[in-house]
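Me: I am new to this structure. Please take one part, the sheet with parallel pairing, and look at it closely. Then show me what else can be said about the rest.

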Amino acid sequence: MPKPTPGTEPAADPPAARPRVQQIGVASGHGRVYQAGRDLTVHETVLPATALRPVTEVDAPPATVNVPGHQQVFVGRDDELAALRTALSASRPVVVAAVHGLGGIGKSTLAARYAAAHAGVFNPVWWITADTPTGIRAGLAALAAALQPELAAALPLEALAERATAWLAGHEGWLLVLDDVTRPSDVTPLLARTLTGRVLITSRLGQGWHPLGAQVQRLDVLAEAEALDLLTRIAGPSAPWTPEEGATELVEELGGLPLAIEQAGAYLRQNRLTPRAYLDLLTAYPAEMLDQPAESGDARRTVARVWRLTLDRLADVPPAVDLLRVLAWYAPESVPRDVLDGLAEPPRLQRALGALAAYNMITLDGPGIVVHRLVQAIARTPDPADPHRQAPDIEAARTLAIALLDRAHPAEPDAPESWARWRALLPHIDAAFDRTSPETDTVEAQRLLRATGFFLNGQGAVDRSLTYLKRCLAAALRLHEADHPVVLNARAGLAYAYWTAEDLRQAIPLFERTLADRERSAGADHPGTLASRNNLAAAYRSAGDPGRAIPLHERTLAGRERVLGPDHPDTLASRNNLAGAYRSAGDSSRAIPLFERTMADYERVLGPDHPGTLASRNNLAYVYQFVDAGRAVPLYERTLAEQERVLGSDHPDTLATRNNLAGAYQQAGDPGRVISLYERTLADRERVLGSDHPATLISRNNLAFAYRSTGHADRAIPLYERALADCERLLGADHPTTVIVRDNLTWATAQATPEPGPPATE
């Protein structure tokens with residue numbers, strides 16, 4: 001931005017000729033503050049009495065402007081400047097506008113831009129660095145000297161400051177900028193006496209300005225385009241990189257914070273680096289890079305040092321700084337407030353949150369808390385020279401941050417009513433574990449890893465689930481003996497995730513080892529052993545090995561009937577699983593009676609509306625579908641109606657039954673109802689489960705199959721193509737579902753006569 005035009009000021013007297021005067025008494029109120037009836041003579045230097053004429057008779061010299069350059073590059077902020085113009089154009093006698101925001105957000109730069117642009121509108125335009133009461137008095141004294149240079153050496157600072165205050169009270173048309181005010185009380189005495197003019201305040205503090213009648217404006221970070229423009233212009237027109245070389249990623253990592261972007265741009269210009277190279281340095285050495293200006297930069301104006309001043313001010317509000325260190329381990333998006341429950345007594349916790357928000361270190365958005373990503377980066381990076389960033393305190397905050405998440409997550413990861421809560425916590429769980437080493441995982445971390453892995457698995461995020469459950473097992477092995485139940489549960493959970501991913505080469509050996517370990521450590525009839533035997537049997541069945549699956553299911557069922565009783569829910573589940581194994585082996589004569597008995601037992605033991613009963617009825621309808629479609633359709637219809645009533649229309653079990661009912665309609669030759677049901681199921685799954693959930697992929701394939709079967713290849717092919725791309729991206733090229741979709745696309749494209757296989761069922 002162009003430099004503001006400096007005001008014209010008379011040259012000061014040479015030091016030898018400057019008069020020295022005694023301090024003169026100060027009268028209160030406005031108007032004639034200093035009065036003298038004679039010339040004052042000291043060392044034979046005379047100060048004319050007219051120099052102390054009433055301030056109302058002193059006019060400001062033309063173009064009296066004192067605005068620092070602050071920043072030669074200015075981008076964006078059009079809306080913010082317009083808001084300032086509106087706020088400071090009111091018709092009241094004195095108008096105050098207060099701009100607040102995070103340190104380094106550009107408050108002073110915005111104020112300097114506004115002030116310089118209005119140098120021809122207001123006179124004087126006077127800038128005061130107002131971070132201390134002493135600084136305010138010094139700035140006012142400088143204003144008095146600019147208005148009457150002959151007083152500069154004739155009056156002490158306090159008297160000059162008083163004279164400037166009186167001058168402001170008696171004149172109109174001036175603009176006073178009070179930059180970096182620490183607290184409203186520091187400027188209240190001045191504003192109480194300035195009854196005319198315009199005052200622009202900048203401060204990190206966002207509260208306490210309304211009693212002063214101020215129009216309050218919060219300054220936010222730069223938009224991406226503006227941040228890129230600022231980075232590029234500071235780095236120089238001959239910067240040896242293009243925006244594609246990491247510039248977008250860098251300004252995103254810097255969170256659009258102007259000071260951080262200025263710091264990075266100057267560093268790029270000096271060292272002739274690309275943004276990607278700077279980003280790599282920032283990732284590897286955050287403490288050093290955020291506290292390192294370019295050689296030509298101001299060492300006091302780095303992100304780390306600017307924010308340390310704020311933390312110094314917050315140190316008297318426990319546990320504000322401790323709380324910030326905890327929040328530093330979460331994602332830079334809304335953290336539910338109740339995650340922090342128990343961190344401190346509610347009044348102390350709320351006071352700390354209020355203080356952090358007042359200084360713009362956090363943002364309170366109703367039920368959530370947001371922290372800027374660079375604030376987080378600094379708060380979690382140790383610095384021996386910074387009392388707020390000592391390594392033991394940061395390590396304690398990391399441990400506590402994960403323990404709070406472990407306490408906050410829902411107990412049942414597969415309960416749909418818990419999903420909204422899980423999804424709110426998941427970004428912070430991801431961030432906490434991304435930023436910590438597995439070697440530091442605690443017992444609470446191990447529990448959180450397991451629960452999160454199961455939630456992700458249920459949501460179809462198979463790869464992420466495996467990442468969590470692998471780390472969970474590693475933590476369990478480090479924290480416990482090899483045969484400890486926690487280790488066995490962790491291994492079983494990882495095996496289950498491999499099984500749902502249909503990676504049976506990984507799943508089966510883990511299931512086998514877990515079963516052997518449980519039998520050795522707990523005995524053949526322990527409930528955990530029975531569960532492991534059930535899981536291994538299910539894996540054998542998935543591998544197409546009924547010869548090993550059926551005997552193992554039969555043994556598990558017998559063991560559960562003997563140990564748990566014939567009516568225990570686990571026993572009922574084993575009976576259902578054995579019936580499913582018979583069905584998979586093509587033995588409907590044994591599958592149907594066992595499914596029928598299981599459904600009757602569920603109804604008797606758990607009731608007709610229990611989710612297990614409804615799932616059992618869906619399974620019986622499924623086996624009917626392949627031997628007697630006439631019996632399958634009404635059973636599916638009854639099951640769907642009861643699931644919609646009991647579980648709700650969006651429950652995953654309800655959606656699975658709707659999918660299966662559409663398949664039964666198709667087998668029964670009722671295409672009119674097939675397509676509408678598949679379309680509804682796909683739309684609901686995309687809305688409830690997400691576009692990438694495995695069940696959504698199945699629905700996409702099935703709808704394409706229905707289009708193809710009714711002669712609408714033009715509608716089927718694009719849907720198959722999308723389904724195939726999604727399956728390859730999410731499940732892999734060799735996954736069974738991917739293979740089915742690929743074959744179906746081939747058939748649809750070639751308009752082959754043979755029909756593809758039946759639609760996928762669940």
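Reply: What follows starts with that sheet and then moves to a helix pair, a cavity and another sheet.

The model is predicted. Begin with the parallel sheet. Six strands build it, and it is open. Read across, the order is E3-E5-E6-E7-E4-E8. Strand E3 (65–66) and strand E8 (214–218) are the edge strands. Each of these two pairs on one side only.

Now look at one pairing inside the sheet. Strand E4 covers residues 94–100, and strand E7 covers residues 197–203. The two run parallel and share seven bridges. One spot to find by eye is valine 95, which stands opposite arginine 198 in E7.

A helix lies against this sheet. Helix H2 (residues 107–117) packs on it. H2 touches E4, strand E5 (125–129), strand E6 (175–179), E7 and E8. The direction of H2 makes about 160° with that of E7.

Next, the helix pair. Helix H6 spans residues 224–235, and helix H8 spans residues 258–271. Their axes come within 7 Å and cross at roughly 35°. The crossing is right-handed. From H6, the contact includes Leu230, Leu231 and Ile234. From H8, Ile261, Ala264 and Leu268 are among the residues that take part. Taken together, the contact residues of H6 and H8 divide into ten nonpolar, one polar and three charged.

Then the cavities. The structure holds three of 30 Å³ or more. The second largest has a volume of about 50 Å³. Its lining is made by Val55, Val58, Ala144, Leu147, Gln148, Arg163, Ala164 and Trp167. Two elements give two or more residues each to this lining: helix H3 (133–147) and helix H4 (157–170). The largest share, three residues, comes from H4. By type, the lining of the second largest cavity splits into six nonpolar, one polar and one charged.

Last, the antiparallel sheet. Three strands form it, in the order E9-E11-E10, and it too is open. Strand E9 (335–336) and strand E10 (363–365) stand at the edges. Each has a single partner strand, so one side of each is left without a neighbour in the sheet. E10 and strand E11 (residues 368–370) pair in the antiparallel sense over three bridges. Within that pairing, leucine 364 has isoleucine 369 of E11 as its bridge partner.

How values were computed. Residues are numbered from 1 along each chain as its sequence is written. This is a predicted model: local features need pLDDT of at least 70, side-chain atom pairs count only at pLDDT 80 or more; totals for chains, interfaces and linings use all residues. Side-chain values use heavy atoms; hydrogens and water are left out. Two strands pair if DSSP finds at least two bridges between them. Helices (H or I, at least four residues) and strands (E, at least two) are DSSP runs, numbered from the N terminus. Contact means heavy atoms within 4.5 Å. Axes are lines fitted to C-alpha atoms, for helices over the stretch in contact, and angles run from 0 to 180 degrees between N-to-C directions. On a 1 Å grid over the protein atoms alone, a cavity is a set of points where a 1.4 Å probe fits but cannot get out, and a pocket is an open set with protein on both sides within 12 Å along at least five of seven lines; lining residues have an atom within 4 Å of a point. Grid points are joined across faces, edges and corners, and a volume is the space filled by probe spheres set on the points. Ala, Val, Leu, Ile, Met, Phe, Trp, Tyr, Cys and Pro count as nonpolar, Asp, Glu, Lys and Arg as charged, and the others, Gly among them, as polar. A crossing is left-handed if the near helix is turned anticlockwise from the far one by less than a right angle, and right-handed if clockwise.
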